[in-house]
Every structure is written in C-alpha cells, then in structure tokens.
Amino acid sequence: MVRSDAAVPGLEPLVLYALSAPERTPGTVSIDRLRLAPVPLVPEVRLVMAEDAIVLWARLEAEAGHVLPPPFWASAWTGGQALARYILDHPDTVAGLHVLDVASGSGLVAIAAAMAGAAGVTANDIDPYSIAAISANAHANGVDLTLSSSDLLDGDGDGVDVVLTGDALYHPSVAARMLPFLARVAAKGSRVLVGDPDRGHVPHDWLERVATYKVPVSSAPEDAQLHLTSVLKPRREQVDDRWGRAMQLRA
C-alpha cells in the first residue's frame with residue numbers, strides 16, 4: 001500500500017492505522033498520529049494528515065535515528081488547497097493532458113489533477129516520506145499516480161503538458177531554484193500554474209493572478225483564520241529562458 005524506494009522508519013504503521021480508521025475525528029487519537037480527513041477547501045479529497053506535524057516530526061526522527069526534513073507532506077498547505085480547488089473547478093486545465101506536480105508534498109494537487117481527468121499525473125517530491133504519503137493518499141482517493149523522487153528542477157519539465165506546484169515558493173532558496181525551472185517549462189510551451197499565499201517570493205511582474213480563494217486554516221484552534229491564497233500563471237504564453245537564467249544569477 002505504501003510505495004517507496006527508500007526506507008521510511010516509523011511512517012508505515014502510522015499511515016496504515018490512519019487508512020484503517022477513516023472515521024476517527026481530531027482528538028480521538030494522540031497528537032503524534034496521522035488521520036485520514038477531508039481537505040478544508042477541497043473536501044472531495046481526503047488526505048492522511050498529522051494532528052500535530054511538529055510532534056509527528058519528532059516521533060519520526062526518533063524512529064529513524066537521524067535528522068529528517070520537516071513533514072511538509074503531513075499538512076494540506078494553503079497554496080496547494082487553492083490550486084487543487086482551481087483544477088477541480090476548471091477541469092479543462094488538465095483534462096486529457098500529461099501533468100507534473102512538482103514538490104508535491106501530500107500529493108493533494110496531483111490527486112486533484114487525476115480526479116479532473118488528466119491523461120497521466122506524475123507526483124514529484126525528493127522526500128521519500130512524501131513519496132510514501134502520496135502513495136497512501138492516492139490509494140485513499142482511488143486514483144493512479146506515477147511517483148518520482150528525482151530532483152527535476154534543473155530540467156525543463158521533460159515534455160509534459162502541464163506543470164503544477166502548490167506552495168513551493170515558501171523560502172528564498174527554494175524559490176531561487178523553482179522559478180527558473182518554471183520559466184524554462186513555460187518557455188517550452190507547457191502550461192504552468194502556481195498556488196501561493198504570497199509568502200513574499202512571487203515575481204508578480206512575471207506571474208499573474210487567475211483566481212483567489214479564502215482557505216480556512218486550523219493548524220491550531222486558537223490560530224484558526226482565513227488566508228487569501230492565489231493561483232497564478234505566467235503573463236506570457238512563451239517565456240524567454242533568459243528570464244530563468246537571470247533569476248539564477250540574481251539568486
């Protein structure tokens with residue numbers, strides 16, 4: 001049920017538990033557990049999510065015996081929620097096309113693309129724990145995805161029709177690699193869509209807003225609020241790759 005080329009200590013039993021008890025509600029399991037639950041803005045999709053991602057992170061590091069990257073896959077990030085909502089509301093964006101969801105995290109956006117009728121969807125993330133979680137989430141939602149754990153950001157999308165990325169511009173160093181990649185993809189004629197809650201790393205002179213959503217956030221009850229999150233696309237259908245090289249030099 002959980003597919004991954006790399007060992008993921010401690011994760012598989014938690015995922016299997018979450019998938020076997022889909023009706024459990026928050027508070028009925030310990031906070032370092034995972035639960036299968038509908039995504040707030042995209043209730044058509046259910047994801048295995050953490051009650052508390054920080055506590056889960058500590059548990060998985062203890063199981064693995066070494067430092068692990070943050071479990072970004074254990075939450076439904078706001079940018080991914082907005083992009084998944086947009087795809088399901090506008091299925092013609094991906095229907096019949098070959099789609100790459102890069103920095104897929106939980107697989108939310110990839111799952112939405114598969115539900116919307118894409119001819120094939122590749123969910124890509126370099127974190128092996130993410131790949132395992134995406135596999136479980138795809139199974140829970142009854143969709144087929146191709147999983148990739150390769151670092152694709154030095155390429156140009158390898159001929160796919162649509163490249164999607166939800167909330168992948170969360171840090172300057174990540175944006176410095178992601179934005180040139182997206183520019184190369186767009187320059188080759190592929191469609192590019194980005195979900196982002198405006199964390200400050202979006203070049204608005206190149207990306208324009210096509211939709212805005214209010215995404216409910218409830219990572220902690222006392223912090224529950226609504227975040228405005230946008231879906232963006234390149235302003236030009238064909239983007240000169242010199243823009244991507246310039247972004248690399250600036251970084």
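**View 1. The second largest pocket and the residues that line it.** In this predicted model, 33 residues line the second largest pocket, and those lying nearest its centre are Phe72, Ala103, Ser104, Asp125 and Tyr170. Three elements, S3, H4 and helix H6 (172-187), give two or more residues to the lining of this pocket, and H6 gives the most, with 4 residues. The volume of the second largest pocket is about 650 Å³. Sorted by kind, the residues of its lining comprise 17 that are nonpolar, 10 that are polar and 6 that are charged.

**View 2. Strand S3 and its surroundings.** Strand S3, which covers residues 98-102, is largely enclosed by the rest of the structure, because 4 of its 5 residues are buried; a residue is called buried when its relative accessible area is under 20%. The chain leaves S3, passes through helix H4 (residues 108-115) and arrives at S4, and this β-α-β crossover is right-handed.

**View 3. The pairing of S3 with S4 and with S6.** Strand S4, made of residues 120-124, runs parallel to S3, and 5 bridges join these two strands. Within this pairing, Gly120 of S4 is the residue that stands opposite His98. S3 also pairs with strand S6 (residues 162-166), again in the parallel sense, and here the pairing extends over 3 bridges. The partner that Asp101 finds in S6 is Leu164, to which a bridge links it.

**View 4. The largest cavity and its lining.** A cavity is closed, in that a probe fits inside but cannot get out, whereas a pocket is open. Rolling a probe the size of a water molecule over the atoms shows where empty space is left. The structure holds 1 cavity of 30 Å³ or more, and the space in the largest cavity amounts to about 40 Å³. The residues that line this largest cavity are Trp57, Leu60, Leu68, Pro69, Pro71, Trp73, Asp127 and Tyr129. Of the residues in this lining, 7 are nonpolar and 1 is charged, while no polar residue takes part.

**View 5. The chain as a whole, as a setting for the close-ups.** The chain contains 7 helices and 9 strands, and 51% of its 251 residues count as buried. Among the contacts in the chain with a separation of 6 or more, 66% are between residues that stand 24 or more positions apart.

Terms used: Residues numbered from 1 in each chain as written. Predicted model: local features only at pLDDT ≥ 70, side-chain atom pairs only at ≥ 80, totals over all residues. Heavy atoms only, no water. Buried < 20%, exposed > 50% of the residue type's maximum accessible area, 1.4 Å probe, protein only. Pairing = 2+ DSSP bridges. Right-handed = clockwise from strand over helix to strand, strands pointing away. 1 Å grid on protein atoms, 1.4 Å probe; cavity = no way out; pocket = protein on both sides within 12 Å on 5 of 7 lines; lining within 4 Å. Points joined across faces, edges and corners; volume = space filled by probe spheres on them. Nonpolar A, V, L, I, M, F, W, Y, C, P; charged D, E, K, R; others polar. Contact = heavy atoms within 4.5 Å.
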